[in-house]
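Colleague: Please pick one part of this model and take me through it closely, residue by residue, with the wider setting added where it helps. I would like each term explained with its cut-offs as you go.

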Amino acid sequence: MIKKGIILLLYVAGIAAIVTYKQPILTWLANGDMERLPWMIGVAILLAAVPAVPFGIVAGIMGAQYGPVWGTLINVATTTIASSLQFFAVRVLFQKQGRQFVTKFKRIDHFILLLERNAFLAVITARLIPFVPAPTINAAAAISRISFGSFFIATVMGKFPVMVLYAIMGDRLSSNASGMM
């Protein structure tokens, strides 16, 4: 119980810090170079794990900084790591609370039923729909019987097209705002 409390406290503290320092963090990301790349990846993982900043903004910044190819790879890697961390947190520490969290969302019962029938297809489909909250997908998958390997592969495959789009938009916006459309 104490371990759960400490992890929850750290998560809440992280959210508070990101909300408080959102603008300086985004500015720092936008002015990064190759020397800062490991730090930028770490910050991107934190931002993807804490839904305080829409990750599309971070993904666009990565595309603008590193181009569409490297930006996409960085975005997919960071969001997949963040999703995996959330998956493990719910599965290991917050199984009961995860069930309660997931039931707060409308139509989640349909998604849970789909998860029970074909977890891989449910995760990849949900990842392809940009307005489905990633933490909801992660929590729902963690409380289901999906294996981590299937979750991981479905997450990478589902996130890839969206992250390509964000990276290309960021790259185009940084080089030619009129060419973005």
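Modeller: A residue is called buried when its relative accessible area is under 20%, exposed when it is over 50%, and partly exposed in between, with a 1.4 Å probe and only the protein chains considered. The model is predicted, so that local features need a pLDDT of at least 70 and side-chain atom pairs count only at pLDDT 80 or more, while totals for chains, interfaces and linings use all residues. Residues are numbered from 1 along each chain as its sequence is written, and side-chain values use heavy atoms, with hydrogens and water left out.

Let me begin with the overall setting. The protein has 9 helices and 0 strands, where helices (H or I, at least four residues) and strands (E, at least two) are DSSP runs numbered from the N terminus. Of its 181 residues, 38% are buried. Contact here means heavy atoms within 4.5 Å, and among contacts with a separation of 6 or more, 76% join residues 24 or more positions apart.

The part I would look at is an aromatic cluster made of Phe87, Phe88, Phe148, Phe151 and Phe152. Rings of Phe, Tyr and Trp (for Trp, its six-membered ring) are paired if their centres lie within 6.5 Å, and a pair is stacked when the planes are under 30 degrees apart, edge-to-face when they are over 60, and tilted otherwise. The whole structure holds 6 aromatic pairs. In one of them, Phe148 and Phe152 have ring centres 5.8 Å apart and planes at 45 degrees, so the pair is classed as tilted. Both residues belong to helix 9 (residues 148-175), where they are 4 residues apart, about one turn of the helix. Phe148 counts as partly exposed because its relative accessibility is 28%, and Phe152, at 35%, is likewise partly exposed.

Ser84, which is found in helix 4, faces this pair from another part of the chain: apart from residues up to four places away in sequence, Ser84 touches Phe148, Phe151 and Phe152. Ser84 and Phe148 are 64 residues apart along the chain, yet their C-alpha atoms are separated by 8.2 Å. Ser84 counts as buried because its relative accessible area is 7%.

Phe151 ties the cluster to further residues. With its neighbours within four places in sequence left aside, Phe151 is in contact with Ser83, Ser84, Phe87, Val123, Arg127, Asn138, Ala141 and Ile146. One of these partners, Arg127, has its place in helix 7 and, despite its charged side chain's name, is best read from its value: Arg127 counts as buried because its relative accessibility is 6%. With the same sequence neighbours left aside, the contacts of Arg127 include Ser83, Ile137, Asn138, Phe151, Ala154 and Val162. Arg127 and Ile137 are 10 residues apart in sequence and 7.7 Å apart from C-alpha to C-alpha.

Phe87 and Phe151 also appear in the largest nonpolar core, which has 19 residues; they are listed there among those with the most contacts inside it, together with Phe111, Leu115, Val123, Ala141 and Ile146. A nonpolar core is a set of buried Ala, Val, Leu, Ile, Met, Phe, Trp, Tyr and Cys residues joined through side-chain atoms within 4.5 Å. Two or more residues of this core come from each of helix 4, helix 6 (108-117), helix 7 (119-128), helix 8 (134-143) and helix 9, and helix 8 gives the largest share, 6 residues. A second, separate core has 18 residues, among them Val43, Ala48, Val58 and Tyr66. In soluble globular proteins, nonpolar side chains tend to be buried together.

Two further residues show other settings. Leu114, in helix 6, counts as partly exposed because its relative accessibility is 30%, and beyond its neighbours within four places in sequence, Leu114 is in contact with Ala119 and Ala122. Asn75, by comparison, is in helix 4 and counts as buried because its relative accessibility is 0%; not counting residues up to four places away in sequence, Asn75 touches Phe55, Val58, Ala59, Met62, Met163 and Ala167.
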